[in-house]
Protein chains: 4
Amino acid sequence: MIGPSLVRRERKPEGTRVEVRPGLALGGRAFVVMAGPCAVEDGVQMAQAAAAVTQAGCPVLRGGAYKPRTSPYAFQGLGAAGVRMLVDAAARHGLATVSEILEPADELDGVAILQVGARNMHNSSLLKALARQRRPVLLKRGLSATFEEWLLAAEYLLAGGNDQVILCERGIRTFETATRNTLDLASVVLAKQLTHLPVVVDPSHASGRRELVIPLSLAAAAAGA
Amino acid sequence: MIGPSLVRRERKPEGTRVEVRPGLALGGRAFVVMAGPCAVEDGVQMAQAAAAVTQAGCPVLRGGAYKPRTSPYAFQGLGAAGVRMLVDAAARHGLATVSEILEPADELDGVAILQVGARNMHNSSLLKALARQRRPVLLKRGLSATFEEWLLAAEYLLAGGNDQVILCERGIRTFETATRNTLDLASVVLAKQLTHLPVVVDPSHASGRRELVIPLSLAAAAAGA
Amino acid sequence: MIGPSLVRRERKPEGTRVEVRPGLALGGRAFVVMAGPCAVEDGVQMAQAAAAVTQAGCPVLRGGAYKPRTSPYAFQGLGAAGVRMLVDAAARHGLATVSEILEPADELDGVAILQVGARNMHNSSLLKALARQRRPVLLKRGLSATFEEWLLAAEYLLAGGNDQVILCERGIRTFETATRNTLDLASVVLAKQLTHLPVVVDPSHASGRRELVIPLSLAAAAAGA
Amino acid sequence: MIGPSLVRRERKPEGTRVEVRPGLALGGRAFVVMAGPCAVEDGVQMAQAAAAVTQAGCPVLRGGAYKPRTSPYAFQGLGAAGVRMLVDAAARHGLATVSEILEPADELDGVAILQVGARNMHNSSLLKALARQRRPVLLKRGLSATFEEWLLAAEYLLAGGNDQVILCERGIRTFETATRNTLDLASVVLAKQLTHLPVVVDPSHASGRRELVIPLSLAAAAAGA
């Protein structure tokens, strides 16, 4: 198998900056925090979230409108209407936005960063379509994707012409049940060392425990995320 | 989370029969073997494969035309042209066919069983689209999908109106490296006991070693697959 | 690392027979079932177990007297007194016995097969001591031991002069929670193909579910255990 | 199962200090680094190691004399002679020492901290013996031990009367092969929050890659180790 190539740091030693809004980039010196609810539920919720996120000094509001649920009976998201709530709430505070895309036809107008979720990291059809769109993509590592497979998923985007890629480690699936997933910070360090892409960490999904979010965020920052 | 419901054996104690061709069904008394190459490469290859599969007494020819590769540099399949080679070769021997679908727009005319691959088991958009198509679906278990998640993926199909579902265990991802994946026969037994769906096993992908295919097939048969 | 050598089938193509009693051997043509309680609790229990095991046609009675518990607050076994209950109950029915040894000083007089449990597979001190004893050893695979590590643990016994070794697959630790462990039958097949040692399977510990024991036993038999 | 109890933070909110030498304790405010070779090989090597460790400002010298090897053909350590080399080299620089113990009879006179290795974390016989010795114990987490099992192993020591216990996370076994093990920093945070014991991290064994040791050490420090 030909390994990842375009993502390698040698290709771009200075590192890739992904500009998500004029004056706001990932991959630069700033430590950028993205925050917000898992799912967009209604306009009031998003207005409150946007205010809280702004007050905490975070420049990016997250919120899912297309939700890839394990169960067909779980809330599947508000779709295009949810996207508008997210974008409107963010606009009022000058925040950038990030939201998940499940298929190319999903309407995500005005969203700054399109998130490819862990369940879709291996979805090469979606990756190829996003490569053509040239919009910033937050690529979450798959539940049980190896480090190599994660880089190869990013390679799909770069090979298709889109280098606006942010890698996101969100914990891998292991035997451990004390936390929802096992945050793999070594992969974050490796991704920083071996690729030229910005790397972020999702401490909430990785741990599934509120009391771990701050310590793991500090650890991620210390590791170079 | 609401668990799997429509797939439960109590819903259909006699079991679901998935008819893939007049006179050929999965879920009945017959032990059905599906065989063929991983990827369709050309017409000669498929003609030879169809002849060999027929001679071995297998009624179903497999062959992938849309390939979900880990690397963008790997052969991505022949697409619609490959599907025609598969269907033509099978037709000459009266074989049924199975081939993978990656997105709803993929052209798979004449293919008896649409395969959802391990990488797409969590792709709820694809599952919803296939639920509407009402064609037989072979649902492979995800690389690191729990037993519960596998049943919930099947539940997406049934909840959307398609009960022509065949479950396929193909090994899970573990620390073990002596085999490509770890075949989880206990899940096959559980799937037979707890659901009304036919269950098949893919011993080739599960082990990645030629010399294990026959012993594991016998074990799968003994376990009730 | 030098890999396993003395255990390889080429060393003894005809296979190793481990005689546990005159007329009873593992590694021959017979399919030998070992049964009995996890822990020896009292004489009445063992008398009943021995009778039931005999009636079922099993020639070997198991029962643990030295128990390697995860919690210090769990029952740690009856020790030497438990061993006597096991051996006495077995003797009355002409059964052979198998019981776990935790350290070389444990008294296991009269026990036919000394079991090295999964938690001690990596305990090289214990393996070296058992190599010197030249009594039959049932070597359970560690919770997360690779196939290679399992063979190397057996190699400790053979390198120390004891070839009376029976390999026992009992499930490995994975992310799956529907079963207690994941029975890895592919490793059983590989162990039969690559080594000259007898291989048995523990379907109870592997699955932790009563309704899976018989189907998995059949599967193990079909796989060659 | 009765869970861990004596290790819980509520039992000792101020935390346990493990004094390894007058003036040097783990569990206090100081961030203590332990360094040295995996195995003691000869006196010259240890003299050099002790000098380098001293120069780097680390107060504890490590070196294994009893080695629990996966293969019987690997170097098994120098035993008591190796321990003397370690202790002598450390004494010349005023360093404390840490070295692994495999069985109660191992001679480790003068060693400040007895290490229970990952392969022996589940060895309850060894834990019981060390509980009686009342010497400081560095308890490494097992290769595939859950967080709960790790605490229960510590509980064996406390229940037996020895509260001089230091927990050591050294990576768990997962499917990932880019690093030797997967460092689980979330468990370090949890161990700090839920127990009163000092917690250290072994970044070398966890990653198996030299270039990851410093970033992971910083991450561990940020996480509270």
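This is a guided tour of a predicted model, with suggestions on what to select and what is to be found there.

**Stop one: a helix in chain B**

Begin by selecting residues 210–223 of chain B, which make up helix 7, a run of 14 residues that reaches 21 Å from its first C-alpha to its last, close to the 20 Å expected at 1.5 Å a residue. Colour Leu212(B), Pro215(B), Leu216(B), Ala219(B), Ala220(B) and Ala223(B) next, since these are buried residues of helix 7 of chain B. Which elements do the buried residues of helix 7 pack against? Within chain B, they pack against helix 5 (185–194), strand 9 (199–201) and helix 6 (203–207), and from chain C, helix 5 (185–194) and helix 7 (210–223) take part as well. Before leaving, select Gly224(B), just after helix 7 of chain B, where phi is positive at about 110°.

**Stop two: salt bridges within and between chains**

Side chains of opposite charge can pair when their charged atoms come close. Over all chains, a search of the whole structure finds 28 salt bridges, and a few of them are worth showing as sticks.

Select Lys12(B) and Asp163(B), whose side chains meet in a salt bridge at 3.3 Å, N to O. Lys12(B) lies in the segment before strand 1 (18–21) of chain B, while Asp163(B) lies in the loop between helix 4 (147–159) and strand 8 (165–169) of chain B, so the pair ties together parts that are 151 residues apart in sequence. Asp163(B) is partly exposed, with a relative accessibility of 30%.

Now move to chain C and select Lys12(C) and Asp163(C), which form a salt bridge with their closest N and O atoms 3.3 Å apart. Here Lys12(C) lies in the segment before strand 1 (18–21) of chain C and Asp163(C) in the loop between helix 4 (147–159) and strand 8 of chain C, so this pair ties together parts that are 151 residues apart in sequence. Lys12(C) counts as partly exposed at 22% relative accessibility, and Asp163(C) is partly exposed too, with a relative accessible area of 31%.

For a salt bridge that crosses from one chain to another, select Arg141(B) and Glu176(C), whose side chains meet at 2.5 Å, N to O. Arg141(B) lies in the loop between strand 7 (137–140) and helix 4 of chain B, and Glu176(C) lies in the loop between strand 8 (165–169) and helix 5 of chain C, so the pair joins two chains. Are these two residues buried or exposed? Arg141(B) is buried, with a relative accessible area of 0%, and Glu176(C) is buried as well, with a relative accessible area of 4%.

**Stop three: where chain A meets chain D**

Show chains A and D together, and look at the contact, which takes 32 residues from chain A and 32 residues from chain D. The area buried between chain A and chain D is about 2,300 Å², of which carbon and sulfur atoms give 73%. In chain A, the residues that lose the most area to chain D are Phe175(A), Glu176(A) and Leu190(A), together 22% of what that side buries.

Two salt bridges are counted between chain A and chain D, and the side chains of Arg141(A) and Glu176(D) meet in a salt bridge at 2.5 Å, N to O. Widen the selection to Arg141(A), Glu169(A), Asp184(A) and Glu176(D), which are linked in a network of salt bridges. There are also six residue pairs in polar contact between chain A and chain D, with both residues at pLDDT 80 or more.

Helix 5 (185–194) and helix 7 (213–223) of chain A each supply at least two residues of the side that touches chain D, and helix 5 of chain A gives the most, with seven residues. By class, this side of chain A has 19 nonpolar, seven polar and six charged residues.

**Stop four: where chain D meets chain C**

Finally, show chains D and C, where 31 residues of chain D are in contact with 31 residues of chain C. Chain D and chain C bury about 2,600 Å² between them, with 53% of it on carbon and sulfur atoms. Select Thr70(D), Tyr73(D) and His122(D), the residues of chain D that lose the most area to chain C, together 23% of what that side buries.

Two salt bridges are counted between chain D and chain C, and Glu149(C) and Arg173(D) have side chains that meet in a salt bridge at 2.7 Å, N to O.

How values were computed
Residues numbered from 1 in each chain as written. Chains lettered and ligands numbered in written order. Predicted model: local features only at pLDDT ≥ 70, side-chain atom pairs only at ≥ 80, totals over all residues. Heavy atoms only, no water. Helix = DSSP H or I, 4+ residues; strand = E, 2+ residues; numbered from the N terminus. Expected span 1.5 Å × (residues − 1). Buried < 20%, exposed > 50% of the residue type's maximum accessible area, 1.4 Å probe, protein only. Contact = heavy atoms within 4.5 Å. Buried area = accessible area lost by both parts, 1.4 Å probe. Salt bridge = Lys/Arg side-chain N within 4 Å of Asp/Glu carboxyl O. Polar contact = N/O pair within 3.5 Å; in protein donor to acceptor, adjacent residues only side chain to side chain. Nonpolar A, V, L, I, M, F, W, Y, C, P; charged D, E, K, R; others polar.
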